[in-house]
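Colleague: I am new to this one and would love a guided close look at a single part. Could you take me through the helix that matters to you here, and what it meets?

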Protein chains: 2
Amino acid sequence: MGVKAKNVAYYIQAITHSSITEDNESNNERLEYLGDAILGAVIAEYLYLKFPNKNEGFLTEMRSKIVSRNSLNEIAKEMGMLALMNFNEADKNLKSSHIFGNALESFIGAIYLDHGYEKTKKYILQVIIKNHVNLTELLQQGYNLKNKIISWAQKNKRELDFNDSDCQTVNGRKIFYIDIILDKVHITTGTGYTKKEAGEKAAELALIKLNIKEDS
Amino acid sequence: MGVKAKNVAYYIQAITHSSITEDNESNNERLEYLGDAILGAVIAEYLYLKFPNKNEGFLTEMRSKIVSRNSLNEIAKEMGMLALMNFNEADKNLKSSHIFGNALESFIGAIYLDHGYEKTKKYILQVIIKNHVNLTELLQQGYNLKNKIISWAQKNKRELDFNDSDCQTVNGRKIFYIDIILDKVHITTGTGYTKKEAGEKAAELALIKLNIKEDS
């Protein structure tokens, strides 16, 4: 994975999924929480410096795309996390879930504990971003989750609507509300500081609620 | 504020609210985005080390309490951000909003650009956490937003219900859905990895939707 380990125990914990052990101090969930925060900070700075003229809405959105569960999971698989990880292979659902992306976050947490912030930042920028993130593509890429639920509805001949249900101004910022209506039934409402963001959030919640999987 | 400035421009930008200038490169919104991420990483590590036996759900919840808009806004006011800030004082709503907490995040972004990660971490731990965060109190503190909307409903003689609407298992983790029903009308749904978290999220969304302010 391109890291020299000083303390191997951190990395072993990072690749140990909770399907192997429920023990907090042995599985990778605490490290995932830590790595997620470190990754968020590094990507925030990277985009801040990369796009000096863009507003915080743009930066937040770009960051969400890079660190989304799907994106991290793909990166983790490209980096070989599947072969490395220790998880219950009898559970067939796990392989199609996001455990590899989560473990990549844990792995970042391990690097941080082992080597500190600056080296972790260097690792994220030079190994992960440089080799696995295509900014140009992300800039062009639309909102995937909204597209995904629309495709699903078309394929399954369901009637799907995104309705603007409300817009309020709170502390000087507009907040948008988008309802998702499926076959005339209200499924969920997404909120966000832009209509796009609210629509994407609504789609995300609806995909979970309707239990729509990756490739369906 | 307890920081020696190398580059004063960062700090001036950090205390300049968008009501003074809409310009991205002059107001504090980009720095707020950066500072929020740095603060999140520092607090994540602080709690990770402070509570070595707690699971990631507990750590995430504690972090949310520390970096919540209300909490940061109170801290910022205690630190004197009101006197320091440059905002449109004719807009009476701004003083009761969260602009001070937001500016504190911007200020953290400024320290980071000026002094790097390690010094910013030291500042957050030794100036902000040590003087302004009472962990014992946060540990005892219940879920404020749920309490808040319940108090509001009682005071205003409205009929309020929190209903468990659903529970699903996604990638091996349970996700809970809590509906808020006000006078028999569905207001919003909150989701979370625990019932408590889902209830709190639902309350948060409902407070925004119903436009319930701080002291009402």
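Modeller: Happy to! Bear in mind that this is a predicted model. Let us start with how helices H2 and H3 of chain A sit together, and then follow H2 outwards. H2(A) and H3(A) are oblique to each other, since they pack at an angle of about 130°, which falls outside the ranges that count as roughly parallel, antiparallel or perpendicular. Their axes are 10 Å apart, with H2 covering residues 29-50 and H3 covering residues 56-66 of chain A. The crossing in which H2(A) passes H3(A) is right-handed. On the H2(A) side the contact is made by A:Ile43, A:Ala44, A:Leu47 and A:Tyr48, while H3(A) brings A:Leu59, A:Met62, A:Arg63 and A:Ile66. Sorted by class, this contact has 7 nonpolar residues, 1 charged residue and no polar ones.

It helps to place these helices in the whole chain. Chain A has 11 helices and 3 strands. Along the sequence they run α-α-α-α-α-α-α-α-α-α-β-β-β-α. The chain is divided into domain 1, residues 8-140, and domain 2, residues 144-209. The centres of those two domains, taken over C-alpha atoms, are separated by 27 Å. Along its principal axes, the C-alpha trace of chain A spans about 55 × 45 × 30 Å.

Now bring in chain B. A turn of 180° with a shift of 0.0 Å along the axis lays chain B on chain A with an RMSD of 0.1 Å. The two copies are thus related as by a two-fold rotation axis. In chain B, the C-alpha nearest that axis belongs to B:Ala41, 3.1 Å from it.

What does the meeting of the chains look like? The contact takes 36 residues from chain A and 36 residues from chain B. On chain B, the elements giving two or more residues to this side are helix H2 (29-50), helix H3 (56-67), helix H8 (117-132), strand E1 (160-170), strand E3 (185-192) and helix H11 (195-209). H2(B) provides the largest share of that side, 12 residues. By class, the side of chain B that touches chain A has 14 nonpolar, 14 polar and 8 charged residues. The copies meet through the same surface, because 97% of the interface residues of chain B are also interface residues in chain A.

One piece of this meeting joins H3 of chain A to H2 of chain B. H3(A) and H2(B) pack at an angle of about 30°, with their axes 8 Å apart, and are therefore roughly parallel to each other. Here A:Glu56, A:Leu59 and A:Thr60 of H3(A) meet B:Glu29, B:Arg30, B:Glu32 and B:Tyr33 of H2(B). This contact has 2 nonpolar, 1 polar and 4 charged residues. A:Leu59 is listed here and also in the contact with H2(A).

Finally, H2(B) has a partner within its own chain. H2(B) and H8(B) pack at an angle of about 70°, their axes 10 Å apart, which makes H2(B) roughly perpendicular to H8(B). From H2(B) come B:Ile38, B:Leu39, B:Val42 and B:Tyr46, and from H8(B) come B:Thr120, B:Lys121, B:Ile124, B:Leu125 and B:Ile129. The residues of this contact divide into 7 nonpolar, 1 polar and 1 charged.

Definitions and conventions:
Residues are numbered from 1 along each chain as its sequence is written. Chains are lettered from A and ligands numbered from 1 in the order in which they are written. This is a predicted model: local features need pLDDT of at least 70, side-chain atom pairs count only at pLDDT 80 or more; totals for chains, interfaces and linings use all residues. Axes are lines fitted to C-alpha atoms, for helices over the stretch in contact, and angles run from 0 to 180 degrees between N-to-C directions. Helices (H or I, at least four residues) and strands (E, at least two) are DSSP runs, numbered from the N terminus. Angles under 35 degrees count as roughly parallel, over 145 as roughly antiparallel, 65 to 115 as roughly perpendicular and the rest as oblique. A crossing is left-handed if the near helix is turned anticlockwise from the far one by less than a right angle, and right-handed if clockwise. Two residues are in contact if their C-beta atoms, placed from the backbone, lie within 7 Å. Ala, Val, Leu, Ile, Met, Phe, Trp, Tyr, Cys and Pro count as nonpolar, Asp, Glu, Lys and Arg as charged, and the others, Gly among them, as polar. Domain bounds come from an automatic or database domain assignment. Copies are superposed by least squares on the C-alpha atoms of residues with pLDDT of at least 70 in both.
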